[in-house]
Amino acid sequence: MNFKNVTVAGSGVLGSQIAFQTAFHGYNVSVYDINDAALEKAKERLTGLKDTYATYFNDAKKAAEALERFTFSSNLKEAVKDADLIIEAIPELEKIKIKFYQDLATVAPEKTVFASNSSTMVPSQFADYTGRPEKFLALHFANEVWKNNTAEVMGHPGTDKKYEQEVIDFAKSIGMIPLHILKEQPGYILNSLLVPFLSAGQALLAKGVADPETIDKTWMLATGAPLGPFAILDVVGLQTAYNIVATEAKHNPAVQPIADMLKTQFIDKGKMGKATGEGFYKYPNPAYLDPDFLKA
């Protein structure tokens, strides 16, 4: 594996985590986003992650050194000029991703391998737009990557197995556990299990069956799980949740009420989840962390 320089395209909650995880393990990381305002927010997230990593790994020095490995650019050509690997973590909207890959194909070096962190879409949807389908595949991370260290690696029929193995090796090198997906599957393994679970919780709320706290409490009490669906949605971020549901609603009108609920009751009010201080719960002290939450 010859990767040294990694570009992370998209500096939202998960994109920033991917970037920090990569820098923490010694890689030079270029962070790309669409404008300087987005990059300023990325710098704030990365500074916060420095403290998270210092505490979790008990290594303040290594966390501080990671911050020194970042460069930032809103110019795509500049951001990818030295990239051995590009990890795309932009919004989960097909048109935006297609345009990104069309642009990327014209400016990325010939050597560069492209990997998508898309949570629900498969590589074959975008391979023809990359200009290098043999070097294109999916590399999917879970939120809070420092502890939920899964890395789902999934090629498409045209991916060269050599590059799949290189990305598997890269994932290992940044402290992840690679999970090789042998056949294209929307949602991979993790989201094939998780998205229906979250959708079921949201459907119960949209139908007025119960409130979020009761639904979460039911799941936590009955299964011993540390979080219920709405606490998980707050961590994932409600914009991502909305994008997934809104896309599904185009083919399945039954989920449109869920999309409408997320937009009108949460997104339009700035309640985007844990990252903004409020979603289904208020942070930093959500109800599910109260010792009495699971009591009568």
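Start with the largest nonpolar core of this predicted model, a set of 38 residues, and select L85, L139 and F170, the members that touch the most others within it. Apart from that core lies another, of 26 residues; to bring it into view, select I215, L238, F280 and F293, which are among its members.

**Helix α11 and its neighbours**

Next, select helix α11, which spans residues 256–265, and colour I258, A259, M261 and L262, which are buried. These residues cover an arc of only 160° around the axis, which puts them on the same side of α11. An α-helix has 3.6 residues a turn, so residues three or four places apart point the same way. Add α7 (190–206) and α10 (238–249) to the selection, since these are the helices against which the buried residues of α11 pack.

Continue into the segment after α11, where P284 is found. Y283 and P284 are joined by a cis peptide bond, with omega at about 20°.

**The loop between α10 and α11**

Go back to the loop that runs between α10 and α11 and select P253, which counts as exposed because its relative accessibility is 61%, over the 50% cut-off. If you then pick T7 and display the distance between the C-alpha atoms, you will find P253 and T7 separated by 37 Å, with their positions 246 residues apart along the chain.

**The second largest pocket**

Keep α10 on display and turn to the second largest pocket, which holds about 270 Å³ of space. The elements that give two or more residues to its lining are α5 (94–107) and α10, and it is α10 that gives the most, with 5 residues. In total the pocket is lined by 13 residues, and those to select for its centre are L93, E94, M121, T247 and K250, which lie nearest to it. Colouring the lining by residue class divides it into 5 nonpolar, 5 polar and 3 charged residues.

**Two residues with positive phi**

Now select E144, in the loop between β6 (136–141) and β7 (150–154). Although E144 is not a glycine, its phi is positive, at about 60°. With a relative accessible area of 15%, E144 is buried, because the cut-off for that class is under 20%.

Then move to Y188, which is found in the loop between β8 (177–181) and α7, the latter being one of the helices against which the buried residues of α11 pack. Here too a residue other than glycine has a positive phi, with a value near 55°. Y188 is buried, and its relative accessible area is 2%.

**H25 and its contacts**

For the last stop, select H25, whose place is in the loop between α1 (13–24) and β2 (28–32). What is its class of exposure at 26% relative accessibility? H25 counts as partly exposed, because this value falls between the 20% and 50% cut-offs. Show the residues around it, and, leaving aside the neighbours within four places in sequence, you will find H25 in contact with K62, S173, I174 and G175. Of these contacts, S173 deserves a distance label: the C-alpha atoms of H25 and S173 are 7.3 Å apart in space, while the two residues are 148 residues apart in sequence.

Key
Residues numbered from 1 in each chain as written. Predicted model: local features only at pLDDT ≥ 70, side-chain atom pairs only at ≥ 80, totals over all residues. Heavy atoms only, no water. Buried < 20%, exposed > 50% of the residue type's maximum accessible area, 1.4 Å probe, protein only. Helix = DSSP H or I, 4+ residues; strand = E, 2+ residues; numbered from the N terminus. Arc of directions from axis to C-beta. Contact = heavy atoms within 4.5 Å. 1 Å grid on protein atoms, 1.4 Å probe; cavity = no way out; pocket = protein on both sides within 12 Å on 5 of 7 lines; lining within 4 Å. Points joined across faces, edges and corners; volume = space filled by probe spheres on them. Nonpolar A, V, L, I, M, F, W, Y, C, P; charged D, E, K, R; others polar. Core = buried A, V, L, I, M, F, W, Y, C linked by side-chain atoms within 4.5 Å.
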